[in-house]
Amino acid sequence: MRTMLRLLTLLWLVTLAVAAQAADSRPNIVFIFSDDHAFQAISAYNHPLKLNQTPHIDRLAKEGMRFDNCCVTNSICGPSRAVILTGKYSHLNGFPDNSGRARFDGSQQTMPKLLQAAGYQTAIVGKWHLNSDPTGFDYWHILPGQGAYYNPPMFENGNRVMHQGYTTDIIGDISLDWLKHKRDPNKPFLLMCQHKAPHREWEPGPAHLNDFKDRVMPEPDTLFDDYANRGTAAKTQDMTIEKTMTPRDLKLVFPQNLTPEQKKLWDEAYGAENEAFAKANLQGKELVRWKYQRYIKDYLRCIQSVDDNVGRVLKYLDDNGLAENTIVMYSSDQGFYLGEHGWFDKRWIYEESVRTPLLVRWPGKTKAGSTSQDLALNLDFGETFLDAAGVKIPSDMQGRSLVPVLKGATPSDWRKSFYYHYYEYPGPHSVHRHYGVRDQRYTLAYFYRIDEWELYDREQDPKQLKNVYNDPAYADVVKQLKAELARLRAELKVPEDDVPEQRPNPGKNKAKAKS
Ligand code: CA
């Protein structure tokens, strides 16, 4: 009897140990996500213009994997977020554009819900931007709509709370507070830490208002692009530094909600420069150059605060023994133009817009300092988290887990091309609706409402300055890519009918509609 009891006790202890080990082996996931952060502005990407230094984000590349070919399926804020939550394209997740009309249907299957059901604690902090309340999160503390850069109202599990300070730092504070005080340390977690920065209107924080002040930033060589050899869409957009930027974008007008102390810092940072600008009465190219300098410096200043807060989260993981069993992923909802082609903003299938940064640290699984040229998509992020957590990926999700890629064993049948679709026209920045296919060499786009095709050979023309769709030398390429496009549209169940015409509401949804 005693032996039996001992055996049973031993068995019980072994079961407990196995269970504990099984629980421990599931990794935590920290997803740090920013809004409109171009890969050109992360020093780990070694951009030739060497715009800035982002030491904390770079740590993820040094200690993990840098993806050099990560793209989004619809290059705009809300839709990209909906793709990540669902692992489904816009035509299936019901959030095709940022018009303010669409509300994310939170009753549908999402990655956070699946992780929650598997025993993960789930939290989201910062920018949400999907017009409905988050579902599938044990804790949420989000900005309404686009949110404000300073002194933001936020919603904590549905309750409105006011904060004072700089939003990027506040999102860092709330994320750390959740990690330190609000989670159960015995359960694995998913934390989505989602910054508003560096979105327009690029308002820097107090700590970085004077960064880059004495530097003349290098200009992209297409700053004065004339859009020759491109289609109607590139010629009729509304996103140029020259014509589209507002006094508010350029800090010639300050935000209204600064405290007197904050306003004083802004006066000190911009006052003298703005006076000199008013006196100089710049015209033509010199005016564009001045705007570019003001824009790029403010954009990069915003990123310095994001980088600081990535550093704070990494330090917390280090100091609390969590770094080893936590996947840390840094990405952005899409790319962004930093003056290339004279533009800011995104939306296009073209490179600076469609490509997004992706850096992943997963100790023991991902080789430190590795890089991947595999075609990754924001569509894959949810599947990747589920796979890493040992949760079965539902068959209706359309992306693919990056876990094998992260382990250095990309499957031989990994995708060689992907489908892209942008829907928001008419709308802010006037980029015509288009869909297309992008592979490792070519980009084929169809601007379907105006019936115009474009083809770019990125090997011959990396800056995408020449549409070669009508060049007979590319006739076979066009034929093959059109077949690939048709294959992808069928496989992804893209409806023939477009989503209905949107009507941007110029009233209270204006901020939401902007992007
Ligand atoms: Ca965005």
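Tutor: Two strands pair if DSSP finds at least two bridges between them, and strands (E, at least two residues) and helices (H or I, at least four) are DSSP runs numbered from the N terminus. Keep in mind that this is a predicted model, where local features need pLDDT of at least 70, side-chain atom pairs count only at pLDDT 80 or more, and totals for chains, interfaces and linings use all residues. Residues are numbered from 1 along each chain as its sequence is written, and side-chain values use heavy atoms, with hydrogens and water left out.

Student: OK, strands then: which residue in β6 is the bridge partner of Ile142?

Tutor: Look at β5 (residues 139-143) and β6 (residues 153-156), which run antiparallel and are joined by 2 bridges. On the β6 side, the partner of Ile142 is Phe155.

Student: And which residue takes a positive phi in the hairpin of β6 and β7?

Tutor: β6 also runs antiparallel to β7 (residues 159-162), with 4 bridges between them. Glu156 has Asn159 in β7 as its bridge partner. The hairpin has 2 residues between the strands, and the one with a positive phi, near 45°, is Asn157.

Student: Now α9: how many of its residues are buried?

Tutor: Helix α9 (residues 284-319) reaches 53 Å from its first C-alpha to its last, close to the expected 52 Å, which is 1.5 Å times one less than its number of residues. Buried means under 20% relative accessible area with a 1.4 Å probe and protein chains only (exposed is over 50%, partly exposed in between). α9 is largely enclosed by the rest of the structure, because the buried share of its 36 residues is 26.

Student: What is the site of the calcium ion like, regular or irregular?

Tutor: Donors are N, O and S atoms within 2.8 Å of the metal (3.2 Å for Na, K and Ca), and water is not among the atoms, so sites may look incomplete. Here Asp35, Asp36, Cys77, Asp333 and Gln334 supply the protein donors, 2.2 to 2.7 Å from the ion. Six donors count as octahedral if opposite ones are over 155 degrees apart and all others between 65 and 115. The angles among these 6 donor atoms go from 52 to 162°, and the site is irregular.

Student: How many residues apart in sequence are the parts that Asp35 and Cys77 tie together?

Tutor: The donor residues are spaced D-D-x40-C-x255-D-Q. Asp35 lies in the loop between β1 (28-34) and α2 (55-63) and Cys77 in α3 (residues 77-86), so the sequence separation of the parts they tie together is 42 residues.

Conventions. Tetrahedral: all angles 85-135°; square planar, octahedral: opposite > 155°, others 65-115°.
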